[in-house]
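Me: I'd like to learn how to read a protein model. Could you walk me through this one, a feature at a time?

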Amino acid sequence: MEYTKLGSTGLDVSRLALGCMTYGEPDRGNHAWTLTEEQSRPLIRAALEAGITFLDTANVYSDGTSEEIVGRAVRDFSSREEVVLATKVHGRMRPGPNGAGLSRRAIMTEIDHSLRRLGTDYVDLYQIHRWDPATPIEETLEALHDVVKAGKARYIGASSMWAWQFSQALYLADLNGWTRFVTMQDHYNLLNREEEREMLPLCADQGVGVLPWSPLARGKLTRPWGESTTRSETDEFGRTLYDTAASDRTIVDRVAQVAEQRGVSRAQIALAWVLANPVVTAPIVGVGRPAHLTDAVAALDITLSAEEITLLTEPYTPHEVAGFG
């Protein structure tokens, strides 16, 4: 396993982050494709044993059961000091007023619930899952600053939003002496590269670590075009992320071409491409079976040639930004 600094902080993280949305009770929340605790634990243990120390979850994943499963696995298979735990706040956790969003009340309530479910006194990275247009960003930033000062989070991060919004948040934090976002978790892969226009250059300029979610495009880059899986058939959010542009099919075919020439899996090629971007800190990879972990770790050893990168990227056409909602 390789390790790197989290953005411009002094925190070391594994070059791969384990995406824990895969782990959660299927009858809780709206992710019917997730794995039960019994199914999840061997995979989390294998990831930890492979040297992945960076685990990413969220309060909203499977109605909080993802955090519970992850917390118990960390206690049983590792130690709190060796693991970098990240979770998120924003999504709806209960009906009625104040059950979602990024108000001071929501943040202060949800950090305590997340810590209880994770079984820890602090998280290493506390992230806003999306932008909240109904709450002044100043209120959100000051509340997050107080969470850090209370020792409940070591660092804070953000997720999918417009670059101008992220720039505003960074400016206001600096202006008011509040804790600054150190990471951006955004949607980035060979089928959707819109973040290259503004967000990634902003992160590079500001020393912000980039944690791409869905680096394999919900698996579309790992299998023949049109082939489906249980997850793709039931993942309602995933259906909103990708269209049927002719360029997408061409890119998927070229990933297969490069993989065949090298004698490796498609997943390794698609992930190696994301890892090759110097602004990327750690892609967030889902591991639903052992082969997913094997491919992710193997991708770290692949260095794509300039010709291969051109082959993979040349067909791309502009897409609608997806994943902000």
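Reply: Sure, starting with overall size. The radius of gyration is taken over C-alpha atoms, and the rule for a globule is 2.2 Å times the number of residues to the power 0.38. With 325 residues, a compact globule would have a value near 20 Å; the chain here has 19 Å, which agrees. Along its principal axes, the C-alpha trace spans about 55 × 45 × 40 Å.

Me: Before we go on, what kind of model is it, and how are residues numbered?

Reply: This is a predicted model: local features need pLDDT of at least 70, side-chain atom pairs count only at pLDDT 80 or more, and totals for chains, interfaces and linings use all residues. Residues are numbered from 1 along each chain as its sequence is written, and side-chain values use heavy atoms, with hydrogens and water left out.

Me: How many helices and strands does the chain have?

Reply: Helices (H or I, at least four residues) and strands (E, at least two) are DSSP runs, numbered from the N terminus. In this chain there are 11 helices and 10 strands.

Me: What percentage of the residues count as buried?

Reply: Buried means under 20% relative accessible area, exposed means over 50%, and partly exposed is in between (1.4 Å probe, protein chains only). Here 56% of the 325 residues count as buried. As for the surface, accessible areas come from the Shrake-Rupley method with a 1.4 Å probe, and for residues only the protein chains shown count as cover. The chain exposes about 13,700 Å², and carbon and sulfur atoms supply 49% of that.

Me: Which residues account for 78% of the contacts with a separation of 6 or more?

Reply: Contact means heavy atoms within 4.5 Å. Among contacts with a separation of 6 or more, residues 24 or more positions apart account for 78%.

Me: Now the inside. Which residues touch the most other members of the largest nonpolar core?

Reply: The general idea: in soluble globular proteins, nonpolar side chains tend to be buried together. A nonpolar core is a set of buried Ala, Val, Leu, Ile, Met, Phe, Trp, Tyr and Cys residues joined through side-chain atoms within 4.5 Å. The largest one here has 81 residues, and L18, Y23, L55, Y126, F166, F181 and L221 touch the most other members. Helix α9 (residues 266-275) gives the largest share of this core, seven residues. Apart from that core lies another, of 12 residues, among them L6, L11, V13 and L125.

Me: What does L55 touch?

Reply: Leaving out residues up to four places away in sequence, L55 touches L18, C20, I44, L48, V70, V74, V83, V84, L85 and A86.

Me: Back to α9. Why is α9 largely enclosed by the rest of the structure?

Reply: Nine of the 10 residues of α9 are buried, so the helix is largely enclosed. The buried ones are A267, Q268, I269, A270, L271, A272, W273, V274 and L275. Their cover includes α8 (246-262), β10 (284-286), α10 (290-299) and α11 (306-313).

Me: Let's try loops. Where is T22, and is T22 buried or exposed?

Reply: Look between β3 (17-19) and α1 (37-49): T22 lies in that loop. At 9% relative accessibility, T22 counts as buried. Not counting residues up to four places away in sequence, T22 touches W33, T34, L35, G286, V287 and G288.

Me: And G29, buried or exposed?

Reply: G29 is also found in the loop between β3 and α1, but with 58% relative accessibility G29 counts as exposed. Again skipping residues up to four places away, G29 touches S62 and D63. G29 and D63 are 34 residues apart along the chain, yet their C-alpha atoms are separated by 5.0 Å.

Me: Which residues other than glycine have a positive phi?

Reply: Two to look at are H90, with phi of about 155°, and N98, with phi near 65°. H90 lies in the loop between β5 (84-89) and α3 (104-118), and N98 lies in the loop between β5 and α3 too. N98 is partly exposed, with a relative accessible area of 39%.

Me: Last one: how far apart are the mean positions of the positive and negative charges?

Reply: Lys and Arg count as positive and Asp and Glu as negative, while His and the chain ends are not counted. Each charge is placed at NZ of Lys, CZ of Arg, CG of Asp or CD of Glu. For the 32 positive and 44 negative charges of this chain, the mean positions are 3 Å apart.
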